[in-house]
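Dear colleague,

Please find below the structure I am handing over to you, followed by an account of what was found in it. I would be grateful if you would read the two side by side.

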Amino acid sequence: MHTSRRQLFLDHVAQTSTYPLMLEVDRAEGIFIWDTDGNRYYDLNSGISVSSLGHRHPKVISAIKAQLDSYMHT
């Protein structure tokens, strides 16, 4: 039997709310997320670094790429 991605998420990822919105997120930028229908939402439930930095901050992306060019893990 094939299990959907949505069901795998619900079964195995810690829920952040008793009543999840069930958005299927397509992308995120700054303080916003977009669903697969193109609707934009404020990300008021962001996690760890997103809370203070936003999604995909250009300086963070640049720093990550520079680190990956040196080494990923030791």
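In this predicted model, tyrosine 42 is exposed, with a relative accessible area of 55%; the cut-off for that class is over 50%. Tyrosine 42 belongs to strand S3. Between its C-alpha atom and that of threonine 74 there is a separation of 36 Å, and the two residues are 32 residues apart along the chain.

Aromatic residues

How many aromatic pairs does the count come to? The count comes to two. One of them joins phenylalanine 32 and tryptophan 34, whose rings are 6.2 Å apart from centre to centre, with 55° between the planes, and this pair is tilted. Phenylalanine 32 has a relative accessibility of 17% and therefore counts as buried. Tryptophan 34 is likewise buried, with a relative accessible area of 16%. Both classes rest on a cut-off of under 20%.

Phenylalanine 32 also forms an aromatic pair with tyrosine 42: the centres are 4.9 Å apart, the planes make an angle of 40°, and the pair is again tilted. Since phenylalanine 32 is in strand S2 (residues 32–35) and tyrosine 42 is in strand S3 (residues 40–42), this pair ties together parts that are ten residues apart in sequence. Through these ring pairs, Phe32, Trp34 and Tyr42 are linked into a cluster. Within that cluster, phenylalanine 32 and tryptophan 34 are buried, whereas tyrosine 42 is exposed.

Two arginines are also to be noted here. Which ring does the charged end of arginine 27 sit over? That charged end is placed over the ring of tryptophan 34, at 3.8 Å from the ring centre. The charged end of arginine 40 sits over the ring of phenylalanine 32, and its distance from the centre of that ring is 4.1 Å.

The salt bridge

The count of salt bridges comes to one. In it, the side chains of glutamate 29 and arginine 56 meet at 2.5 Å, N to O. Glutamate 29 is in strand S1 (residues 25–29), while arginine 56 is in the loop between H2 and H3, so the salt bridge ties together parts that are 27 residues apart in sequence. How do the two partners stand with regard to the surface, buried or exposed? Glutamate 29 is partly exposed at a relative accessible area of 33%, and arginine 56 is exposed at 51% relative accessibility.

Arginine 56 calls for a further remark on its backbone. Its phi angle is near 55°, which is a positive value in a residue other than glycine. The loop that holds arginine 56 lies between helix H2 (50–53) and H3.

The nonpolar surface patch

Which residues make the nonpolar surface patch? Leu53, Val60, Ile64, Leu68 and Met72 make it, and its area is about 480 Å². Helix H3 (residues 58–70) supplies the largest share of this patch, namely three residues. Valine 60 is found in helix H3 and, at 31% relative accessibility, counts as partly exposed. Patch residues need over 30% relative accessible area, so valine 60, at 31%, passes that cut-off.

Alanine 66 is another residue of helix H3. It too is partly exposed, since its relative accessibility is 44%. From alanine 66 to leucine 44 the distance is 29 Å in space, C-alpha to C-alpha, and 22 residues in sequence.

The chain as a whole

The secondary structure of the chain comprises three helices and three strands. Taken from the N terminus, the order of these elements is α-β-β-β-α-α. The radius of gyration of the chain is 15 Å, well over the 11 Å that the globule rule gives for 74 residues, which means that the chain is more spread out than a compact globule. Along the principal axes, its C-alpha atoms fill a box of roughly 40 × 30 × 25 Å. What share of the 74 residues in the chain is buried? Buried residues make up 11% of them; phenylalanine 32 and tryptophan 34 are among the buried residues.

With kind regards

Note on methods
Residues numbered from 1 in each chain as written. Predicted model: local features only at pLDDT ≥ 70, side-chain atom pairs only at ≥ 80, totals over all residues. Heavy atoms only, no water. Phe/Tyr/Trp six-rings, centres within 6.5 Å; stacked < 30°, edge-to-face > 60°. Buried < 20%, exposed > 50% of the residue type's maximum accessible area, 1.4 Å probe, protein only. Helix = DSSP H or I, 4+ residues; strand = E, 2+ residues; numbered from the N terminus. Lys NZ or Arg CZ within 6 Å of the ring centre and 35° of its normal. Patch = residues over 30% accessible without salt bridge, like charges linked within 9 Å, V, L, I, M, F, W, Y side chains within 5 Å. Areas by Shrake-Rupley, 256 points an atom, 1.4 Å probe, with all protein chains shown as cover. Salt bridge = Lys/Arg side-chain N within 4 Å of Asp/Glu carboxyl O. Rg over C-alpha atoms; globule rule 2.2 N^0.38 Å.
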